[in-house]
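Visitor: I would like to go through this structure term by term. Please set each value against its cut-off.

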Amino acid sequence: MTGVQFENAQVLGVDGRFRPGSVILKEGVFGGDEDAAAVVERFDATGLWLTPGFVDVHTHLAWRAFDAADRDGLSPVEQARGVRLNAGRTLAAGVTGIRDAGGLSAALAQEAGGLRAALSVEMLGASDARGPAHLRGRVQQLADAGAAWIKVVATGGVGAGDGVLVPVFDELELKAIHVTAARLNLPVMVHAWGGAALTRSLEFGAASIEHAVLITDEQCRLAADAGAVVVPTVWIYNDVLAMIEAGTLPAVLAPAARRAVEAHPVAVRRCLDAGVRLAMGTDAGLDTQHGRNLHELAALIEAGVPSEAALLAGTAGGARLLGRRDLGVIRPGAPADLVCFTADPGRPEVLRDPSRVAAVYVRGRLLHQATG
Ligand SMILES: [Zn+2]
């Protein structure tokens with residue numbers, strides 16, 4: 001394979017800002033100045049904004065419906081087809097790497113078509129709150145099934161209403177999960193809106209807290225000190241509330257969804273003030289949500305995150321959380337995951353418009369190109 005060079009582009013730097021420049025792709029990695037001589041194809045990229053591949057660290061690639069019953073009723077062939085569809089939409093949005101937050105098995109991940117996927121396989125939730133011994137066994141089981149992450153649902157969500165801060169696991173159970181995961185070298189991602197479950201998860205060494213809708217200043221300080229990453233999901237609660245108001249989701253969920261929509265931007269600003277690292281997560285789990293992944297970055301910007309920081313959360317921030325410091329940056333020698341936008345993705349309206357993604361490369365291979 002020979003070198004390709006995009007010239008006269010706007011290129012995202014490690015500070016989250018765009019600067020005029022060029023990008024070389026060579027044998028699956030980004031090239032440096034010394035590779036210019038090997039370039040055989042040059043593209044005039046005037047009017048294109050180039051970023052590293054985005055990383056969505058909280059998606060459910062195998063899910064297409066809200067109800068677990070609807071998901072479980074699908075045949076393996078239908079499930080595989082769903083993963084292919086979702087992966088195609090996700091790639092087309094400019095996302096080249098994901099961490100699946102539950103539902104994607106190692107077998108189904110084979111259908112993800114070039115998308116880099118870190119798996120949690122299944123979530124540990126209320127049905128697993130059966131004592132520490134049971135949980136030690138479950139963590140081992142997930143490791144055997146190919147999990148690179150252990151996903152814990154430590155509080156309720158929109159469906160829990162006023163009880164959303166009640167811990168799902170008692171302290172000994174939660175500790176058993178973390179200790180067993182650490183022994184197996186598996187980082188833990190914790191769904192926690194707030195409360196004691198969030199604090200304990202940080203104390204037990206959670207790598208990331210998901211949602212953190214009602215995180216307090218004190219918990220933010222704890223997260224910052226521990227180096228834990230917070231993965232807000234601001235956009236999805238707005239999406240859920242819109243579906244409730246349109247009558248496609250039950251009205252009984254409205255108060256909790258409204259609470260999330262109001263509190264979440266405040267939580268994000270608390271994290272910013274405390275210096276907590278953020279990564280981009282969508283919680284996409286519906287047909288209508290996969291492929292709108294960058295809506296989350298638009299929501300973060302509108303919540304008060306500077307666009308530079310939002311773009312970094314969506315690229316290097318997510319890659320770093322996944323232990324892949326070689327991803328999420330345009331740097332000579334790094335795998336060439338590259339996204340070409342036809343407008344500045346530092347602007348929310350561009351992030352909300354997947355048609356602005358002209359091309360997506362993974363390891364230097366063109367996996368998506370806009371048509372028309
Ligand atoms: Zn989720």
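Visitor: Why does Val121 count as buried or exposed?

Guide: Val121 has 8% relative accessibility. Buried means under 20% relative accessible area, exposed over 50%, partly exposed in between (1.4 Å probe, protein chains only). So Val121 counts as buried. One caution on the model: it is predicted, so local features need pLDDT of at least 70 and side-chain atom pairs count only at pLDDT 80 or more, while totals for chains, interfaces and linings use all residues. Residues are numbered from 1 along each chain as its sequence is written, and side-chain values use heavy atoms, leaving out hydrogens and water.

Visitor: What is the phi of Val121?

Guide: About 65 degrees, a positive value, although Val121 is not a glycine. Most residues other than glycine have a negative phi. Val121 sits in the loop between strand E8 (116-118) and strand E9 (123-124). Strands (E, at least two residues) and helices (H or I, at least four) are DSSP runs, numbered from the N terminus.

Visitor: Why is Asn185 called buried or exposed?

Guide: Its relative accessibility is 69%, so Asn185 counts as exposed. Asn185 also has a positive phi, near 65 degrees. Its place is the loop between helix H5 (171-183) and strand E11 (188-192).

Visitor: And what makes His60 buried or exposed?

Guide: The relative accessible area of His60 is 3%, so this residue is buried. His60 lies in the loop between strand E6 (54-59) and helix H1 (68-72). Leaving aside neighbours within four places in sequence, its contacts (heavy atoms within 4.5 Å) include Asp100, Lys151, Asp283 and His290.

Visitor: Which domains does the assignment give?

Guide: Domain 1 (3-52 + 329-369) and domain 2 (54-321). The bounds come from an automatic or database domain assignment. Taken over C-alpha atoms, the domain centres are 28 Å apart.

Visitor: How many residues are in contact between domain 1 and domain 2?

Guide: 27 residues of domain 1 touch 22 of domain 2. The two domains bury about 2000 Å² between them, 67% of it on carbon and sulfur atoms. Buried area is the accessible area (1.4 Å probe) that two parts lose on being put together, summed over both.

Visitor: What makes Arg116 and Asp337 a salt bridge?

Guide: The rule asks for a side-chain nitrogen of Lys or Arg within 4 Å of a carboxyl oxygen of Asp or Glu. The side chains of Arg116 and Asp337 meet at 2.7 Å, N to O. The pair therefore qualifies as a salt bridge. Across the interface of domain 1 and domain 2, the rule finds two salt bridges.
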